[in-house]
Amino acid sequence: TCCLPRKEPTVTDHPTQLLITGLNIEGDGQTDLLIEDGVIIAEGDQARVDGAHAHTLDADGLIALPGLVDLHTHLRQPGKQDAETVESASRAAAAGGFTCVHAMANTLPVADTASAVEQIWWMGQEIGLTEVRPVGAVTKGLEGKHMAALGAMANSRAQVRVFSDDGKCVSDPVLMRRALEYVKSFGGVVAQHAQDPGLTEGSQMNESELSGELGMTGWPAVAEESVIARDILLAQHVGSRLHVCHVSTKGSVELIRWGKRMGVNVTAEATPHHLFLTEDLAATYDPIYKVNPPLRSREDVDAVREGLADGTIDIVATDHAPHNMEEKDCEWQAGAFGMLGLETALPIIIETMVKPGLMDWHDVARVLSRTPARIGLVDHQGLSLTVGNPANITLVDPTVRVRVNRSDLHSRSVNTPYDGMDVTGRIIHTIFNGKVTVRDGALAAEGTAQ
C-alpha cells in the first residue's frame with residue numbers, strides 16, 4: 001500500500017554512525033553518506049564506517065530529498081484527541097517523509113499564548129519522530145477581535161515565527177495591518193486563510209454551474225481573491241511578510257504573481273488536493289471531498305499547477321485536517337471541512353507535477369523542503385544533503401505503483417480522499433536528526449535508529 005503498515009516500534013541501541021549507501025540525491029546520481037551524531041560527516045568515497053557501533057542503510061534505487069517540511073498541519077491536540085494527537089500526527093508525518101511540521105493554532109484551547117504553544121512544542125520534543133513547530137494564533141481565541149500575544153509566543157521556548165487564524169480569516173483590515181506590523185519586528189510571517197466570511201456564509205462547494213445543479217450554496221472564487229488582493233496591498237504598505245494559505249483559484253494565482261512583480265514579500269502554498277482533485281467529486285455527495293477552500297474547476301487546478309511549476313506558488317503544504325468518523329460519515333451539509341494529507345503528499349506531487357514533466361526532483365526539494373523551511377525560519381531543516389548539515393533525509397522509491405488504503409494510515413482519522421486510488425511513489429526510509437524513524441517502509445523506534 002501507499003500508506004505504511006502499522007507496526008509497534010521496538011527500541012534498539014542508537015548507533016554512533018549510520019552509513020547510507022547508493023542514494024540518489026535529488027536525481028543527481030548515486031553516492032554514499034555517513035552520519036554521526038545527527039550530522040552528515042562524509043560523502044562519496046570518504047563515507048566509510050569506523051568501528052563496530054555503526055549501521056548501514058541500503059538506499060539503492062531511491063531518490064533522496066532533504067527531510068520534508070510542512071508549513072500547514074492540524075494536529076488537533078489539545079481538544080480533539082479523538083481525531084488526532086501530536087503523537088499520531090508525528091507518526092503520520094514520519095511515514096510521509098516529513099521531518100518538520102507546523103501545527104496550526106485552531107485547537108481547544110486555541111494556541112494563542114506562550115504557555116499554549118510551549119505545551120505543543122514540548123509534546124513534539126518528547127515524541128521525537130519529527131520536529132513540531134507550533135503556529136501561533138493571530139487573534140485571541142481566533143475570534144478576529146483582539147490581537148493575540150504574538151511577541152510572547154515569539155519569545156517562548158517554541159520560538160514561534162508563523163502566525164495564523166487558519167480555519168478563519170483575519171477579515172478586519174486594521175487587525176491584519178497591525179499583525180503584519182508586529183511580526184515584522186522579529187521577522188515573523190502572517191499566514192492568511194483567505195476567505196471573506198460575508199461572501200461564503202453557508203457555502204458548501206465551488207460556485208459554478210455544478211453547484212446550481214446539485215442545489216448547494218456556491219463558494220465564489222472572489223471570496224478568496226478579494227482577501228488576497230487586500231493583504232498584498234497591506235503587506236506592501238507595511239513592508240512585512242505575508243503568506244497565503246491553500247491557494248485554490250486561477251485568479252488567486254494571478255494576484256500572487258502580480259504581488260511578486262511589485263516586489264511585495266508574499267509567499268503562497270498549494271495543497272496536494274487542490275493540485276489533483278476537482279469539484280466534480282462533490283456530485284458524489286460524499287463529504288470526504290468537502291474541504292475549505294473547496295475543490296475547484298479543472299481550469300483552476302491547471303492554473304495552480306502552473307503557478308507551482310513557475311514559482312508563483314512557493315511551496316506545497318498538506319493542510320492535513322483529520323476528523324473523526326462522525327464528522328465525515330454523514331450527509332454533505334453536516335460534514336466537516338478537511339482532508340488528511342501527511343502520508344500521501346509526496347506521491348500526489350509525483351503524480352501531478354513530476355510525472356507530467358512540470359517539475360524535477362530539485363523542484364520537489366524546493367517546494368516540499370527548502371522553501372517551507374525558509375518561510376518558517378527553521379534554519380536547520382531543508383538544507384542540502386552535504387557534509388556539515390543536519391541529517392534530515394527522506395528516501396522515496398519513485399517508481400513503485402501503490403494503492404492508498406485508509407486502514408493503513410497512522411493518523412487517528414481515516415478521512416483521506418485517495419482511499420483505493422493507485423499512485424506512484426512510496427516513502428522507504430525517513431531520517432530525522434540522524435535517527436531512522438521509518439525503515440524499509442515501516443515505523444522504527446520512536447526517535448531511535450534501527
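**Exercise 1. Find out where the confidence of the model drops, and decide how to treat those parts.**

Step 1: pLDDT stays under 50 over residues 446-450, a stretch with 26 contacts beyond four places in sequence in the model. Here pLDDT is the predictor's confidence in each residue, from 0 to 100, and contact means heavy atoms within 4.5 Å.

Step 2: Look at the whole protein. The average pLDDT is 94, and 95% of the residues score at least 70. Residues 4-13 are another weak patch, with pLDDT below 50 and 30 contacts beyond near neighbours in sequence.

Step 3: Where pLDDT is low, don't read the predicted coordinates in detail.

Some ground rules: this is a predicted model, where local features need pLDDT of at least 70, side-chain atom pairs count only at pLDDT 80 or more, and totals for chains, interfaces and linings use all residues. Residues are numbered from 1 along each chain as its sequence is written, and side-chain values use heavy atoms, with hydrogens and water left out.

**Exercise 2. Place strand β7 among its neighbours.**

Step 1: Locate β7 at residues 98-103. Helices (H or I, at least four residues) and strands (E, at least two) are DSSP runs, numbered from the N terminus.

Step 2: Check the pairing, which needs at least two DSSP bridges between two strands. β7 pairs in the parallel sense with β6 (residues 68-73) over four bridges, and Phe-98 is the bridge partner of Leu-68. β7 also pairs in the parallel sense with β8 (residues 131-134) over four bridges; there, Ala-103 has Pro-134 as its bridge partner.

Step 3: Check the cover. Six of the six residues of β7 are buried, and buried means under 20% relative accessible area, exposed over 50%, partly exposed in between (1.4 Å probe, protein chains only).

**Exercise 3. Work out how helix α2 sits in the protein.**

Step 1: Test its length. The 14 residues of α2 (residues 114-127) should span 20 Å at 1.5 Å a residue, and the end C-alpha atoms are indeed 20 Å apart. The expected span is 1.5 Å times one less than the number of residues.

Step 2: List the buried residues: Ala-116, Val-117, Ile-120, Trp-121, Met-123, Gly-124 and Ile-127. They cover an arc of only 155° around the axis, so they lie on the same side of α2. That arc is taken from the directions from the helix axis to the C-beta atoms.

Step 3: Turn the helix around. The face away from the buried side carries the exposed residues Ser-115 and Glu-126.

Step 4: Find the cover. The buried residues of α2 are covered by elements including α1, β7, β8 and α3 (150-154).

**Exercise 4. Hunt for unusual backbone geometry.**

Step 1: Recall the background. Most residues other than glycine have a negative phi, and most peptide bonds are trans.

Step 2: Pick out the cis bonds. One joins Gln-77 and Pro-78, with omega about 5°; Pro-78 is in the loop between β6 and α1. Another joins Asn-292 and Pro-293, with omega about -5°.

Step 3: Pick out positive phi values. Leu-142 isn't a glycine, yet has a positive phi of about 60°; Leu-142 sits in the loop between β8 and α3 and counts as buried at 9% relative accessibility. Tyr-285, also not a glycine, has a positive phi of about 60°, but Tyr-285 is partly exposed, with a relative accessible area of 40%.
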